[in-house]
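Welcome! Let's take a walk through this structure together, one site at a time.

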Amino acid sequence: AKSRGKNNFQMFSAEMHHKSSTRLVLETEMRVALEERQFELYYQPQYSLPDQTLVGVEALIRWHHPQRGMLHPSSFIPVAEETGLIVRIGEWALEEACKQAMEWKSLGATLRMSVNLSGRQFRQESLVNTVTKIIEQTGMDSSLLELEITETVLMEDAETTITRLADLKSMGVHLAIDDFGTGYSSMAYLKRFPVSRLKIDRSFIRDIPRDADDVAITTATIQMAHSLKLEVVAEGVETKAQLQFLLEQGSDMVQGYLFSHPVDAQHMTDMVLTGKCK
Ligand code: C2E
Ligand code: CA
Ligand code: CA
Ligand code: CA
C-alpha cells in the first residue's frame, strides 16, 4: 500500500508539473499575442422581439494562435484570469469593441456593443478609470456600451458590487447580468443592482419547449425580470421552436445560432450594410 501511495504521489506531481508548465507557456504566449495582435473580436448579433430587428452585438474574443489555429476563449480565458493577464486582454477588447461600434455608427448603423468583463476585471480598483479612459479615447457613445458581468461574480461580494455598478452606470454605460440562473442570486440584491438587462443562460434555453423544468424556470425568470423592470435576453437560441416559445413568453431579445454564429468584423459590417439583419 505504501509503495502504491508513493507512485500515486509521483504521478500526481508529474501531472501538476505538466499543468503548471502548460500554464506558464500559455501565459508567455498570451503576452506575445497581445503585442503581436493575435487576438480578434468576433461579433454575435442580438435581435429585439417581437420585431426581430438587429439592435446590438456581443463581442467575443478569439485568438489566432500561430501554431494551434483559432482558439476559443474557453481554452485561454481561465488561465488569463488566473494569471491576471485578463486585465490587459480585457482592456484591449474593450477598446477594440468601442472603436468598432464607432465605425459602424459612422456607416449609419447604431448598434449597442456588449462586452464581457471577467471577475478579475470587475474587481480591479482602476476599472472605472480604465473604462472612462477608453470611452474618451475612442469617442465611444457610452449609451451604446453594455458591460456583461456574470451572476456569480456579481453575487460574490454583493454590497461592494452595488457601488461598483453604480459607478459604472454613472458614466452612462448599461450593465447586464450574464449567465443568469447558473449562480445563486439573492432577490434582495437583484432589486438593488443598477442593471438594465439579464441574460438567461443558454443551458435553460437548450431544452425548451420540451423540458418542463426549463420551461418553468425560463417563464419565471422572464416574469421576475419584468417585474423588476429588467429586460431579458435569451442566449443560445438555436431553433424556431425556442424562438416561438420566447416570443410567447415576452423575452425582449434573443441571440443564438438560429440567427447567426459570432462573425468577424468584416462579416458583421456586411450584415449591417446589406440590411441582412432581420
Ligand atoms: P458567454 O459570454 O456566455 O458567451 C456566449 C457563448 O455562447 C459564446 O461562446 C458564443 O459563441 C456561444 N453561443 C452563442 N450562440 C450560441 C448558440 O446558439 N448555441 C451554442 N451552443 N452556443 C452559442 P464563446 O465565444 O466561445 O465564448 C465563451 C465565453 O468566453 C463567453 O461566454 C465569455 O464568458 C467568455 N468571453 C468571450 N469573450 C470574452 C472577453 O472579451 N472577455 C472575457 N472576460 N470573457 C470573454
Ligand atoms: Ca456574455
Ligand atoms: Ca452568457
Ligand atoms: Ca430538466
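What classes of residues make up the shell around ligand 1? The shell has 8 nonpolar, 7 polar and 7 charged residues, where Ala, Val, Leu, Ile, Met, Phe, Trp, Tyr, Cys and Pro count as nonpolar, Asp, Glu, Lys and Arg as charged, and the others, Gly among them, as polar. Keep in mind that this is a predicted model, in which local features need pLDDT of at least 70, side-chain atom pairs count only at pLDDT 80 or more, and totals for chains, interfaces and linings use all residues. Residues are numbered from 1 along each chain as its sequence is written, chains are lettered from A and ligands numbered from 1 in the order in which they are written, and side-chain values use heavy atoms, leaving out hydrogens and water.

Now look more closely at ligand 1. β2 (53–65), α3 (86–106) and β6 (174–180) each supply at least two residues of its shell, and β2 gives the most, with 4 residues; these helices (H or I, at least four residues) and strands (E, at least two) are DSSP runs, numbered from the N terminus. The side chain of Gln44 has an N or O atom 2.9 Å from a nitrogen atom of ligand 1. Oxygen atoms of ligand 1 lie 3.1 Å from a polar side-chain atom of Asn116 and 3.3 Å from one of Asp179. Such polar contacts are pairs of N or O atoms within 3.5 Å.

Asp179 also leads us to the metals. Together with Asp178 (OD) and Glu235 (OE, listed twice), Asp179 (OD) coordinates the calcium ion (ligand 3) at 2.2 to 2.7 Å; donors are N, O and S atoms within 2.8 Å of the metal (3.2 Å for Na, K and Ca), and sites may look incomplete, as water is not among the atoms. Asp178 bridges this ion and the calcium ion (ligand 2), the two lying 3.9 Å apart.

How values were computed:
Polar contact = N/O pair within 3.5 Å; in protein donor to acceptor, adjacent residues only side chain to side chain.
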